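Reader: I am new to this structure. Please take one part and walk me through it closely, with aromatic rings as the topic.

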Amino acid sequence: MLKPILLLGLGLLASPAHAQTHAAMVPSSALTAYALRLKPGDDLRQQLTAFVTAHHLEAGAMLTCVGSLTEVSLRLANQENATHYHGHFEIVSLVGTLSATGGGHLHLAVADSTGRTLGGHLLDGCRVYTTAEIVLGALPALQFVRETDPTFGYQELVVKPAPAAAAKKR
């Protein structure tokens with residue numbers, strides 16, 4: 001009989017028993033959800049960044065976003081520069097992490113009037129057409145920071161206990 005294998009947040013494959021011993025090492029948090037709507041002309045990324053900064057969110061996750069855009073600016077896979085699209089696009093997915101001081105990493109997928117889907121890193125310049133309905137999750141016991149990963153040299157996510165949460169454990 002095969003035993004199930006779990007993929008842990010630590011990037012390890014383990015048996016369920018092994019996973020339980022490592023579960024205490026993986027930071028966790030309760031979740032607070034914020035619901036907001038962006039209006040026509042709003043810049044999607046700038047408004048998300050402003051919201052996260054205004055609410056001092058140090059560990060946020062995009063839970064859902066639906067809406068439409070007239071301008072789309074993406075950094076496509078393995079490209080250095082932005083690619084811009086003009087027209088009418090439906091937001092079919094927006095996922096990623098956000099932090100007031102640790103920055104964000106968001107991926108956007110949009111579909112045009114033919115159903116063709118485009119996706120990449122969300123950049124400034126994505127303008128709301130009719131609406132962007134967003135639910136953003138905040139993890140108050142965590143802090144998202146970015147540190148250079150030596151594998152490729154990119155700034156990658158590091159999850160830490162929030163400074164207030166770490167002080168409470170002492």
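Author: Here is a close look at the aromatic pairing, followed by its setting in the whole protein.

Keep in mind that this is a predicted model. A search of the whole structure turns up one aromatic pair. Its members are Tyr 34 and Phe 51. The ring centres sit 5.4 Å apart. The ring planes meet at 75°. An angle over 60 degrees counts as edge-to-face, so the pair of Tyr 34 and Phe 51 is edge-to-face.

Now place the two residues. Tyr 34 belongs to strand β3, which covers residues 32–38. Phe 51 belongs to helix α2, which covers residues 44–54. The pair therefore ties together parts that are 17 residues apart in sequence.

Next comes burial. Tyr 34 has 24% relative accessibility, so Tyr 34 counts as partly exposed. Phe 51 has 16% relative accessibility. Buried means under 20%, so Phe 51 counts as buried.

Step back to the whole protein. There are three helices and ten strands. Along the sequence they follow the pattern β-β-α-β-α-β-β-β-β-β-β-β-α. The protein has 170 residues, and 32% of them count as buried; Phe 51 is one of the buried residues. The accessible surface comes to about 10300 Å². Carbon and sulfur atoms hold 58% of that surface.

Contacts complete the picture. Take the contacts with a separation of 6 or more: residues 24 or more positions apart account for 58% of them.

Methods: Residues numbered from 1 in each chain as written. Predicted model: local features only at pLDDT ≥ 70, side-chain atom pairs only at ≥ 80, totals over all residues. Heavy atoms only, no water. Phe/Tyr/Trp six-rings, centres within 6.5 Å; stacked < 30°, edge-to-face > 60°. Helix = DSSP H or I, 4+ residues; strand = E, 2+ residues; numbered from the N terminus. Buried < 20%, exposed > 50% of the residue type's maximum accessible area, 1.4 Å probe, protein only. Contact = heavy atoms within 4.5 Å. Areas by Shrake-Rupley, 256 points an atom, 1.4 Å probe, with all protein chains shown as cover.
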